[in-house]
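Let's take a walk through this structure together, starting with how its helices pack and then turning to the spaces between them. Keep the 3D view open as you read.

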Amino acid sequence: MLNRYHIQLAEKPNYLDITFQFTPRKPGKQVIQLPIWRPGRYQAQNFAKNIPVLKAFSGGVSIPIEKIASSIWTLEASETVEIRYSYYANQPDAGGSVAEADLLYINFINCLLYVKGRENERCEIQIEKPAGWQSVCTFKNGGKYRELVDSPYIAAPAIFQHKWKCNGVKFAIDVVGSRQALTKKLTDAYEKFTQTQLDWMGTFPVKEYHYMLWVCPTPYYHGVEHTKSTMMVMGPPDRDAYEDLIGLGSHELFHVWNIATIRPKELFPYAYDREVPFSTGWVVEGITTYLGDWFLYESGVWNRQEYLAGLLGNLKLHFDRDANAQQSLEESSIDLWLDGYGVSLPSKRASIYYKGAVVALALDLKLQAKNGKSLKEVMHKMNAEFGALKKGYTKADFIRICEETYGESLQDFFHQFVETTTDITADLQGILESAGLQFAQDISKGWTLIEKHAF
């Protein structure tokens, strides 16, 4: 069965008019769902708050539709159903949707209903955009609903593009809002770290990938990963955002492996109708944060001093802010669903990004010191055992693969760095010292990172 969607700009500002058409598998009660969260932000956002009302029709006649929960509706039908509704699209970040006079940006997971239990059915979507506008989206009609809601769409009077091929894969940077953002310095950097990541992992899960960038009019910095693209929002246009854009692009690209492909068991498959806590957020974001910076150095985009400055930045973000967190890194991963992206209780949680990056750094250096191996071998094994086989991993799986790479137990390391709130300062300093780096706190300078010899 082919489910059909139609979207157009509404007469009312900031609204989209949407129709959803489906045919019941069997006559009777149909349960209609809107996702309550989106991959990339593990927190209930309840997008249904942006829908005033649904109206349902079958055979050209209006039929009753009842809202039974915040994001669930039911109706009775035996023939093809069309549901009509409006969606308030005024969330100007990389995970939202925006309908403005000069921009149409849609994250379909925000606004497209589905029949519960039929997320793997194939879809067709038609979007009415103003005449002459350009658009970018990686979804191809006939793909599954899961693919559709993983494929952001952007349309504007002009989209500035840079395209290239890397290891047989088509890549593009698609910029809306400012031609000036697409500098040669930026495109060169993106080509370099893209090449390095694909060479480092050896395979790439998709045949085409888009770095989508909206240069928005207000100060902003945000990115969201997808299997075939990333959506980045950066502003304002007169800001020199080069450093932020290379860091964000490198980070989001590695997520094609580390979450879109290599995924925790709890998220395989995504259950859009409920919260899905998982304890390995530090693997998803910490390793990606650490390696995202390392790829900038390995590709030559960053020099040695810039890389060390990036390392120090992540270390300071943890030790200056979260060193006394009352929650372990594992507990903080689970509490993403509570307050992981906003203000929480003072000293409650550790950042899965920055403490996670510290754990990744320490693990990588331990592997290198022990037998010359690194996180590269770990991620290759994770990809072969889980990503390539399309099955999810557990924390125990990740630790096992790290131990196989290391050659002996790492239980004490993970217990101290991930599972408890033990002070890791001295142990981390020892690991860094063995790699030729001195990490210390100076009364006047704060935390410093000094390279005593190359590692």
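**Helices, loops and empty spaces**

Helix α4 and helix α5 cross in a right-handed manner. Keep in mind that what you see is a predicted model. Two packed helices are described by the angle between their axes and the distance between the axes. For α4 (residues 242-254) and α5 (residues 281-298), the angle is about 125° and the axes are 8 Å apart. That angle makes α4 oblique to α5, because it falls in none of the parallel, antiparallel or perpendicular ranges.

To see where these helices touch, colour Ile-246, Gly-247, Ser-250, His-251 and Phe-254 on the α4 side. Their partners in α5 include Glu-285, Thr-288, Leu-291, Gly-292 and Phe-295. Sorted by class, this contact has 6 nonpolar, 6 polar and 1 charged residues.

Now stay with α5 and look at its meeting with α9. The axes of α5 and α9 come within 7 Å and cross at roughly 70°. With that angle, α5 is roughly perpendicular to α9. The crossing is right-handed here. On the α5 side you will find Trp-282, Gly-286, Ile-287, Thr-289 and Tyr-290, and they meet Gly-356, Ala-357, Ala-360, Leu-361 and Asp-364 of α9. The contact of α5 with α9 has 6 nonpolar, 3 polar and 1 charged residues. Ile-287 and Thr-289 are worth a second look: they belong to the α5 side of the contact with α4, and they also belong to the α5 side of the contact with α9.

From α9, move on to α12. How do the axes of these two helices cross? Helix α9 (residues 354-371) and helix α12 (residues 411-419) have axes that come within 10 Å and cross at roughly 160°. The two helices are therefore roughly antiparallel. Their crossing is right-handed. In α9, the residues in contact are Lys-355, Val-359, Ala-362, Leu-363 and Lys-366, while α12 brings Phe-413, Phe-414, Phe-417 and Val-418. By class, that gives 7 nonpolar, no polar and 2 charged residues in the contact of α9 with α12.

The loops deserve a stop too. Just ahead of α4, in the loop that follows β19 (229-235), sits Pro-236. A cis peptide bond joins Pro-236 to Gly-235, with omega about 0°. The loop between α4 and α5 holds Pro-269, and a cis peptide bond links this proline to Phe-268, again with omega about 0°. Ile-259 is also in the loop between α4 and α5. Its phi is near 150°, a positive value in a residue other than glycine.

Next come the empty spaces. Rolling a probe the size of a water molecule over the atoms shows where empty space is left. The largest pocket holds about 1200 Å³. Of its 46 lining residues, Tyr-221, Thr-289, Ser-351, Tyr-353 and Tyr-354 are the closest to the centre. At least two lining residues come from each of β18 (220-225), α4, α5 and α6 (304-319). The lining of the largest pocket is made up of 14 nonpolar, 19 polar and 13 charged residues.

The second largest pocket has a volume of about 910 Å³. It is lined by 35 residues, and Glu-147, Asp-150, Thr-227, Ala-260 and Arg-263 are the closest to its centre. Helices α2 (145-148) and α10 (375-387) are the elements that give two or more residues to this lining. By class, the lining of the second largest pocket has 16 nonpolar, 10 polar and 9 charged residues.

How many cavities of 30 Å³ or more does the model contain? The count is 3. The largest cavity has a volume of about 100 Å³. It is lined by 13 residues, and His-318, Ala-323, Lys-355, Thr-421 and Thr-422 lie nearest its centre. This lining divides into 5 nonpolar, 5 polar and 3 charged residues. Lys-355 is a residue you have already met, in the contact of α9 with α12.

The second largest cavity has a volume of about 50 Å³. Its lining consists of Arg-38, Pro-39, Asn-107, Ile-109, Val-149, Asp-150, Val-224 and His-226. By class, these are 4 nonpolar, 2 polar and 2 charged residues. Asp-150 appears here and among the residues closest to the centre of the second largest pocket.

Note on methods: Residues numbered from 1 in each chain as written. Predicted model: local features only at pLDDT ≥ 70, side-chain atom pairs only at ≥ 80, totals over all residues. Heavy atoms only, no water. Axes fitted to C-alpha atoms, helices over the stretch in contact; angles between N-to-C directions. Helix = DSSP H or I, 4+ residues; strand = E, 2+ residues; numbered from the N terminus. Parallel < 35°, antiparallel > 145°, perpendicular 65-115°, else oblique. Left-handed = near helix turned anticlockwise from the far one by under 90°. Contact = heavy atoms within 4.5 Å. Nonpolar A, V, L, I, M, F, W, Y, C, P; charged D, E, K, R; others polar. 1 Å grid on protein atoms, 1.4 Å probe; cavity = no way out; pocket = protein on both sides within 12 Å on 5 of 7 lines; lining within 4 Å. Points joined across faces, edges and corners; volume = space filled by probe spheres on them.
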